[in-house]
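Me: I have a model in front of me and want the reasoning behind its labels. Keep the answers short.

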Amino acid sequence: MIAVLKQGVSKKQIENLCHWFREQGIDVHISEGEYYTVLGLIGDTSKIDIELLEDLDIVESVKRISDPFKSANRKFHPEDSVIEVGDLKIGGGNFQLIAGPCSVESQEQILEVAEGVKAAGASILRGGAFKPRTSPYDFQGLKADGIELLLIAKEKTGMPIITEIMNANHLPLFEHVDIIQVGARNMQNFELLKELGRTNKPILLKRGLASTLKELLMSAEYIMAGGNERVILCERGIRTFETYTRNTLDLSAVPMLRELTHLPIVVDPSHATGMVRLVKPMAMAAAAAGADGIMIEVHNNPSKALCDGPQSLTPEQFKDVAQKIRKILEVVRE
Ligand code: PEP
Ligand code: MN
């Protein structure tokens with residue numbers, strides 16, 4: 001349920017009303033917009049007398065929300081969420097370009113890629129340390145050493161870093177990581193999501209290989225219900241009957257999610273297509289569709305990459321894509 005309050009309501013009046021809800025075991029989510037304050041009521045709201053609430057002189061309107069996702073719902077929080085990552089912001093008109101290798105392989109590799117993508121305009125460095133691989137015989141990532149190398153690259157370039165977590169027991173290793181990624185394969189690892197809900201780190205939550213947008217939002221809800229509201233959603237392609245591309249990029253997810261949620265939305269054209277030559281057109285399309293960020297895999301020597309070489313751009317190719325994205329953003333912002 002949401003209660004929209006009248007303009008000019010005082011802090012004290014809001015506090016009193018929230019106190020009254022909380023006394024009835026209802027959690028209140030306050031969203032203060034430029035004009036209106038919206039109270040999102042979470043819990044068993046069936047006992048609340050809507051007419052009584054509507055009659056209060058500080059209440060403008062009351063509406064029941066049937067969507068199963070509450071905290072992530074735009075109806076609860078009409079304004080875009082802006083998530084701070086170090087000195088950067090993502091969401092609400094703040095766009096960020098995330099780039100880096102699929103996996104961290106060595107100090108030279110991550111430093112060379114980090115310098116390259118930074119010079120080309122990326123603002124956040126990605127790199128997998130714990131890799132979810134389909135085969136147990138494939139390279140599984142450098143694990144804790146990989147995170148150490150990312151931290152060296154962060155120190156040298158000043159770029160915030162994002163890397164994937166697969167097991168909540170590894171959380172202490174992520175202390176200095178700026179954004180924690182939950183990969184497509186773990187989107188419904190609810191125990192992991194609950195643990196991340198107890199942290200205060202920004203979480204980039206990737207859409208599962210065969211997950212609906214509602215399921216993605218319900219997974220975001222798991223993190224938010226634990227108190228961590230700093231969730232960024234990521235469309236990375238879904239599995240369809242098409243086999244020419246690695247996945248099918250569902251770009252309509254961007255405007256659809258924009259309607260449904262206030263959370264920032266990032267698109268990953270690398271995993272969505274699996275092919276270098278498709279990354280540029282899909283990255284441009286993602287920017288045109290209104291994404292708040294784009295995440296692209298870049299490697300200094302793609303043919304030798306230990307993971308996802310066929311979809312990895314060289315820093316030079318990335319520079320060209322970054323320029324095109326900037327041009328598209330100018331048009332989108334007009
Ligand atoms: C990744 O970003 O490296 C990754 C494994 O992506 P996904 O979870 O989307 O497959
Ligand atoms: Mn990858």
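Me: What makes the pair between ligand 1 and the side chain of Gln-181 a polar contact?
Reply: First, the basis: this is a predicted model, where local features need pLDDT of at least 70, side-chain atom pairs count only at pLDDT 80 or more, and totals for chains, interfaces and linings use all residues. Residues are numbered from 1 along each chain as written, chains are lettered from A and ligands numbered from 1 in written order, and side-chain values use heavy atoms, without hydrogens and water. Now the contact. A polar contact is a pair of N or O atoms within 3.5 Å. An oxygen atom of ligand 1 is 2.9 Å from an N or O atom in the Gln-181 side chain. Therefore the pair counts.

Me: Which polar backbone atom lies 2.7 Å from an oxygen atom of ligand 1?
Reply: One of Ala-184. In addition, an N or O atom in the side chain of Arg-185 is 2.8 Å from a ligand 1 oxygen. The protein covers 97% of the 290 Å² of accessible area that ligand 1 has on its own (Shrake-Rupley method, 1.4 Å probe).

Me: Why is His-271 listed around ligand 1?
Reply: Because a residue is near a molecule if one of its heavy atoms lies within 4 Å of it. The residues around ligand 1 include His-271, Arg-126 and Glu-297.

Me: What makes seven residues of the ligand 1 shell charged?
Reply: Asp, Glu, Lys and Arg count as charged. The shell also has two nonpolar and three polar residues.

Me: Where are the domain bounds from?
Reply: An automatic or database domain assignment. Domain 1 is 2-63 and domain 2 is 83-332. Their C-alpha centres are 37 Å apart.

Key: Polar contact = N/O pair within 3.5 Å; in protein donor to acceptor, adjacent residues only side chain to side chain.
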